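Here's a short tour of one protein model. Keep the picture open while you read, and try to find each spot as we reach it.

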Amino acid sequence: MTVKPVLTDRVRPVAEQPLDHAGIDRASIGRLVRQFYAKVRSDERLGPIFAREITGAWDPHLEKMTAFWCSVILKSGDYHGRPAPAHLKLQDVTEADFGIWQDLFGETAAELFAPETAAVFVDRAERIATSLKLAMFFRLAPAAAGGSE
């Protein structure tokens, strides 16, 4: 009798590839990050949240976010942080805040890049937002005590 490993029967997802378009580099991603966060800082809901968390100079945060997006888009490996724990500590963020964030991000990407390139940024941003929302807000209901089925 031959036993087949279970994993050989499964289809494995294809890894995301780096975005290889002319003009998409650290400099263009840095512009996106800076323009996006300028909008975030002036937003009536998100601005105060970020102001409470980022006191003093914004440059270190902008550089960290540029490294993050270079890792996401270019697969550069520049970012070595852990986004979920950083976001879990934010007590006043709601799921609706992610919609604002995504709208501002999509608007900024559309201003800076061709539609097909902006779509890649937005798609990856949506997946990141979904992951962070799951980490921050998804909780399994506790099992009913004493029940048997």
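## Inside the helices

Let's begin with tyrosine 37: setting aside its neighbours within four places in sequence, this residue is in contact with Phe50, Trp58, His61, Leu62 and Met65. Bear in mind that you're looking at a predicted model.

Tyr37 belongs to the buried set of α1, along with Ser28, Ile29, Gly30, Leu32, Val33, Phe36, Lys39 and Val40. What do the buried residues of α1 pack against? The answer is α2, α3, α5 and α6.

Take one of those buried residues, serine 28, which sits in helix α1. Why call Ser28 buried? Because its relative accessible area is 2%, and the cut-off for buried is under 20%. Leaving out neighbours within four places in sequence, serine 28 is in contact with Gly23 and Phe113.

Now for the core. The largest nonpolar core has 36 residues, and the ones that touch the most other members are Ile29, Tyr37, Trp69, Ile73 and Phe121. At least two residues of this core come from each of α1, α2, α3, α5 and α6. Which helix gives the largest share? That's α3, with eight residues.

Helix α5 has its own buried set: Asp97, Phe98, Trp101, Leu104, Phe105, Gly106, Thr108 and Ala109. Their cover includes α1 (26-42), α2 (46-53), α3 (59-73) and α6 (115-137). If you're wondering about spacing in sets like these, an α-helix has 3.6 residues a turn, so residues three or four places apart point the same way.

You can also check helix lengths with a little arithmetic. Allow 1.5 Å a residue, then compare the expected span with the distance between the end C-alpha atoms:

| Helix | Residues in helix | Expected span | End C-alpha atoms apart |
|---|---|---|---|
| α1 | 17 residues | 24 Å | 24 Å |
| α5 (95-112) | 18 residues | 26 Å | 27 Å |

For α1, the distance agrees with the expected span. For α5, the two values agree as well.

One last stop is outside the helices. Where is lysine 75? Look in the loop between α3 and α4 (83-88). The phi of Lys75 is near 60°, a positive value in a residue other than glycine. Is Lys75 buried, exposed or partly exposed? Lysine 75 counts as partly exposed because its relative accessible area is 36%, and that class runs between the 20% cut-off for buried and the 50% cut-off for exposed.

How values were computed:
Residues numbered from 1 in each chain as written. Predicted model: local features only at pLDDT ≥ 70, side-chain atom pairs only at ≥ 80, totals over all residues. Heavy atoms only, no water. Helix = DSSP H or I, 4+ residues; strand = E, 2+ residues; numbered from the N terminus. Expected span 1.5 Å × (residues − 1). Buried < 20%, exposed > 50% of the residue type's maximum accessible area, 1.4 Å probe, protein only. Contact = heavy atoms within 4.5 Å. Core = buried A, V, L, I, M, F, W, Y, C linked by side-chain atoms within 4.5 Å.
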